[in-house]
Amino acid sequence: MEAGKYFSQYSTFIDSVTSETAKNDLLFQKHFADLSEKLHGNYARLDHAITGLTGEAGEVADVWKKIKYMGMEYDEEARGKLIKELGDVCWYLFSVATALGIPIEQVIDGNIEKIKARHPHGYSAQYMKNKRED
C-alpha cells in the first residue's frame, strides 16, 4: 500500500478511537472545570505531579538503560544518580497524594492489599504466565 494512503487510513483510525473530549477544546474545558471542582481546585497540582512523576520515572529508567546497555559503569556515581532520581519520584508521588488529599500511607496500604490479593502465597510464576494485560 502506498505510504500516503497507509498513513491517511491510520490517521482516520486514530481519530475514530480517540475520545471526543481529547479532540475538542470546548468539551475539554468543560470536563476540566468539572474535574477541577471535584479535585477542590487541585487540578493543576495533580496534573503537574502526575506529569513530573512519569518524567522522573523515565529518568530512573534512562540511568538504568545506560548502565545495562550503554557502558555506564555501575559505581557510586551511577548509584547516586539512581538515588537522586528516585528522590524526585518520591517527591512527585507525595505531590500526587497531596493533590488527591490522601495520606501516603493510604497509597502504600492499598498497594499491599492489591499485591497480597494477587500473590496470596508469595510470588507466583503461574500467575504471571496467566495474567492478562488489559
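# Seven helices in a predicted model

User: Which glycine follows H4, and what sign does its phi have?

Analyst: Glycine 71 comes after H4, and its phi is positive, near 85°. This is a predicted model, and the phi is a value computed from it.

User: Where else does a positive phi come just after a helix?

Analyst: Just after H5, glycine 101 takes a positive phi of about 70°. Just after H3, histidine 40 does so with about 55°, although histidine 40 is not a glycine.

User: Why is histidine 40 called exposed?

Analyst: Its relative accessibility is 70%. Exposed means over 50%, so histidine 40 counts as exposed. Histidine 40 lies in the loop between helix H3 (25-38) and helix H4 (43-69).

User: And histidine 119: is this residue buried or exposed, and how do you know?

Analyst: Histidine 119 has a relative accessible area of 14%. The limit for buried is under 20%, so histidine 119 is buried. Histidine 119 also sits in a loop, between helix H6 (104-118) and helix H7 (125-130).

User: What does histidine 119 touch, beyond its neighbours within four places in sequence?

Analyst: Histidine 119 is in contact with Ser124, Tyr127 and Met128. Contact here requires heavy atoms within 4.5 Å.

User: How do you know that the length of H3 agrees with what is expected of a helix?

Analyst: H3 has 14 residues, which at 1.5 Å a residue should span 20 Å. The end C-alpha atoms of H3 are 20 Å apart, so the two values agree.

User: How do H4 and H5 come out when set against the expected span?

Analyst: H4 has 27 residues and reaches 38 Å from its first C-alpha to its last, close to the expected 39 Å. H5 (residues 76-100) has 25 residues and reaches 36 Å, against an expected 36 Å.

User: What makes aspartate 75 a cap of H5?

Analyst: A side-chain oxygen of aspartate 75 lies 3.1 Å from the backbone nitrogen of glutamate 77, at the N-terminal end of H5. A polar contact needs N or O atoms within 3.5 Å, and the 3.1 Å distance of aspartate 75 meets that limit.

User: What is found at the start of H3?

Analyst: A side-chain oxygen of asparagine 24 reaches to within 2.9 Å of the backbone nitrogen of leucine 26.

User: What joins lysine 68 and tyrosine 69?

Analyst: Their side chains make a polar contact of 3.3 Å. Lysine 68 is in helix H4. Its relative accessibility is 44%, and the range between 20% and 50% is called partly exposed, so lysine 68 is partly exposed.

User: Which helices do the buried residues of H4 pack against, and which residues are they?

Analyst: They pack against H3 and H5. The buried residues of H4 are Tyr43, Leu46, Ala49, Gly52, Glu56, Val60, Val63 and Ile67. An α-helix has 3.6 residues a turn, so residues three or four places apart point the same way.

User: Which helices do the buried residues of H5 pack against?

Analyst: They pack against H4 and H6. Among these residues are Ala78, Leu82, Glu85, Val89 and Tyr92.

User: How many aromatic pairs are there?

Analyst: The count comes to five. In one of them, phenylalanine 32 and tyrosine 43 lie 4.4 Å centre to centre, with 80° between the planes. Planes over 60 degrees apart count as edge-to-face, so this pair is edge-to-face. Phenylalanine 32 is in helix H3 and tyrosine 43 in helix H4, eleven residues apart. Ring pairs also link Phe28, Phe32 and Tyr43 into a cluster.

User: Are the two rings' residues buried or exposed, or partly exposed?

Analyst: Tyrosine 43 has 18% relative accessibility, so tyrosine 43 counts as buried. Phenylalanine 32 has a relative accessible area of 33%, so phenylalanine 32 is partly exposed.

User: What is the radius of gyration of the protein chain, set against a compact globule?

Analyst: A compact globule of 134 residues would have a radius near 14 Å, but the protein chain has 21 Å. The C-alpha trace spans about 50 × 50 × 35 Å along its principal axes. Of the 134 residues, 16% count as buried.

User: How many helices and strands does the protein chain have?

Analyst: The protein chain has seven helices and zero strands.

Methods: Residues numbered from 1 in each chain as written. Heavy atoms only, no water. Helix = DSSP H or I, 4+ residues; strand = E, 2+ residues; numbered from the N terminus. Buried < 20%, exposed > 50% of the residue type's maximum accessible area, 1.4 Å probe, protein only. Expected span 1.5 Å × (residues − 1). Polar contact = N/O pair within 3.5 Å; in protein donor to acceptor, adjacent residues only side chain to side chain. Rg over C-alpha atoms; globule rule 2.2 N^0.38 Å. Phe/Tyr/Trp six-rings, centres within 6.5 Å; stacked < 30°, edge-to-face > 60°.
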